[in-house]
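Hi,

Here is the structure I said I would pass on. Have a look at it first, and then read my notes below.

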2 protein chains.
Amino acid sequence: MSGLRHAILGLLARQPYTGYQIAQLMKRPVGYFWQARHSQIYPELESMSHDDLVAATVINGPGPRPTKEYRLTTAGRTALLDWLGSPVSPLSAGRDDFELRIWSAWLLPPDQVAAMISERRAMVLERQSEYRAILASFPTRMSHGDPRSGEWMTLQMGLGYEEHRLAWCDRMLLTLAAG
Amino acid sequence: MSGLRHAILGLLARQPYTGYQIAQLMKRPVGYFWQARHSQIYPELESMSHDDLVAATVINGPGPRPTKEYRLTTAGRTALLDWLGSPVSPLSAGRDDFELRIWSAWLLPPDQVAAMISERRAMVLERQSEYRAILASFPTRMSHGDPRSGEWMTLQMGLGYEEHRLAWCDRMLLTLAAG
DNA sequence: AGGGGCATGTAAAGAGTTACATGATTCT
DNA sequence: AGAATCATGTAACTCTTTACATGCCCCT
């Protein structure tokens with residue numbers, strides 16, 4: 001089963017959603033670690049419906065086509081739990097566009113590399129405050145079994161990533177300045 | 001231009017390589033941030049050759065087909081530098097399988113979540129020592145313009161990622177234990 | 001004699017992006 | 001009146017993975 005399926009199952013395990021709402025959530029907050037466009041989501045929901053992992057109810061809404069709300073079926077819940085029980089996949093099937101640049105940065109004059117890293121640094125700061133703003137709205141303690149504890153853990157992960165990235169930028173800028 | 005092209009250009013900017021050698025490097029060390037299989041690399045080299053970004057020389061080697069060594073053309077070098085000069089792409093087009101699991105981990109009993117995180121922690125430790133072993137073979141100081149400085153910067157990035165991941169695992173294990 | 005590494009390719013399927021297409025409601 | 005948001009879908013394309021295919025050389 002694909003990552004997109006797991007992402008959708010994880011969302012519908014929380015509550016029922018329309019395809020449109022899922023598409024919004026796949027920008028933020030799910031998009032922080034898994035993105036998908038609506039053009040990928042609608043066919044996938046259809047296919048999951050066919051596989052009996054989700055079920056749709058037509059609700060009233062705007063537009064030329066019927067608005068459908070999806071919910072998890074028992075089989076869908078089982079599939080999600082099966083996946084969670086399966087072995088954790090190995091590290092790094094990731095692709096990092098910025099690291100790819102850095103890998104070739106030795107071709108550029110040092111000040112241009114520094115400019116590139118500064119540009120990146122600004123993005124990191126922005127993302128950091130985004131995470132912090134979301135985390136501020138979380139209660140200090142959550143019981144296990146609360147869906148928000150799942151979101152909290154991923155936000156902690158994301159915040160840590162940005163903290164590391166910021167530290168890396170600063171270290172590299174220092175190294176470049178030291179010549 | 002795709003990430004794969006940039007990865008190949010970045011490799012050939014260092015020295016000429018055969019398709020096979022590129023495929024090895026796309027496992028490690030380039031694979032730490034950009035992976036590709038040989039089935040993707042050979043056609044891409046062909047297509048880049050057609051676009052005059054790289055040029056091939058037939059050298060003698062084993063097997064049913066001629067062994068080809070590729071080198072960067074002037075146009076290839078220009079294309080690489082153009083990309084390096086273009087604006088840095090925004091954060092997070094990334095997809096993280098482990099974060100996807102964590103997002104749904106609230107469905108599992110706490111001890112199973114802890115087991116999952118411990119499993120991950122072991123992978124992180126392994127990767128860390130892999131990075132450290134590579135870094136140990138690097139000289140303490142490198143001049144800018146040395147291709148190894150590019151590799152060094154990505155290794156620092158990777159090591160930092162793993163340090164953060166380790167810290168995250170430990171923090172979450174503590175939180176779970178405090179329950 | 002068999003297995004692994006060297007070396008290059010193709011085919012088919014799956015995953016993901018970009019663009020096209022329609023139409024209602026709400027806000028300015 | 002026009003723009004943004006809600007809401008769903010399809011088509012074409014690119015990127016990525018998995019599997020098939022060939023054959024030499026070296027080691028045990």
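What follows is a walk through the DNA contacts, the domains of chain A, the contact between the chains and the salt bridges.

Before anything else, please keep in mind that this is a predicted model, so every value below is computed from predicted coordinates.

**DNA strand C**

Let me start with strand C. There are 20 residues around DNA strand C, and the ones that come nearest are A:Ser39, B:Tyr20, B:His38, B:Arg65 and B:Lys68. Of the strand C atoms that come within 4 Å of the protein, 56% belong to sugar and phosphate.

What do the individual contacts look like? On the base side, the side chain of A:Ser39 has an N or O atom 2.5 Å from a base oxygen of DNA strand C. On the backbone side, an N or O atom in the side chain of A:Gln40 sits 2.8 Å from a phosphate oxygen of DNA strand C. B:Tyr20 uses its own backbone: one of its polar backbone atoms is 2.5 Å from a phosphate oxygen of the strand.

As for which elements are involved, two or more residues each come from α3 (38-50) of chain A and from α2 (19-25), α3 (38-50) and β3 (67-72) of chain B. The biggest contributor near DNA strand C is α3(B), which gives three residues. By class, this surface has six nonpolar, nine polar and five charged residues.

**DNA strand D**

Now for strand D. Here too 20 residues surround the strand, and A:Tyr20, A:His38, A:Arg65, A:Lys68 and B:Ser39 come nearest. Sugar and phosphate make up 58% of the atoms of DNA strand D that come within 4 Å of the protein.

Which side chain reaches a base oxygen of DNA strand D at 2.8 Å? That is A:His38, through an N or O atom of its side chain. Two phosphate contacts are worth a look in your viewer. A:Lys68 has a polar side-chain atom 2.8 Å from a phosphate oxygen of DNA strand D, and A:Arg95 has one 3.1 Å from a phosphate oxygen of that strand.

The elements that give two or more residues to the surface near DNA strand D are α2 (19-25), α3 and β3 (67-72) of chain A, along with α3 of chain B. With three residues, α3(A) has the largest share. The classes near DNA strand D come out as six nonpolar, nine polar and five charged.

**Domains of chain A**

Chain A splits into domain 1 (3-85) and domain 2 (97-178). Their centres, taken over C-alpha atoms, are 29 Å apart. Five residues of domain 1 and eight of domain 2 take part in the contact.

Between them, the two domains of chain A bury about 530 Å², with 63% of that on carbon and sulfur atoms. Zero salt bridges turn up across this interface, but there are two residue pairs in polar contact. The domain 1 side that touches domain 2 has three nonpolar residues, two charged ones and no polar ones.

**Chain A against chain B**

The contact between the chains takes in 78 residues of chain A and 79 of chain B. About 7600 Å² is buried between chain A and chain B, and carbon and sulfur atoms give 64% of it. On the chain A side, A:Leu91, A:Trp103 and A:Trp106 lose the most area to chain B, together 13% of what that side buries.

How many salt bridges and polar pairs are there between chain A and chain B? The salt bridge count is zero, while 34 residue pairs are in polar contact. Helices α1 (3-12), α4 (74-85), α5 (97-103), α6 (110-136) and α7 (147-178) of chain A each supply at least two residues to the side that touches chain B. Of the elements on that side, α7(A) gives the most, with 19 residues. The chain A side divides into 40 nonpolar, 22 polar and 16 charged residues.

**Salt bridges**

Over all chains, the count is twelve salt bridges. One to pull up is A:Arg121 with A:Asp170, where the closest N and O atoms are 2.6 Å apart. A:Arg121 is in helix α6 of chain A and A:Asp170 is in helix α7 of chain A, so this pair ties together parts 49 residues apart in sequence.

Cheers

How values were computed. Residues numbered from 1 in each chain as written. Chains lettered and ligands numbered in written order. Predicted model: local features only at pLDDT ≥ 70, side-chain atom pairs only at ≥ 80, totals over all residues. Heavy atoms only, no water. Near = heavy atom within 4 Å. Polar contact = N/O pair within 3.5 Å; in protein donor to acceptor, adjacent residues only side chain to side chain. Helix = DSSP H or I, 4+ residues; strand = E, 2+ residues; numbered from the N terminus. Nonpolar A, V, L, I, M, F, W, Y, C, P; charged D, E, K, R; others polar. Domains from an automatic or database assignment. Contact = heavy atoms within 4.5 Å. Buried area = accessible area lost by both parts, 1.4 Å probe. Salt bridge = Lys/Arg side-chain N within 4 Å of Asp/Glu carboxyl O.
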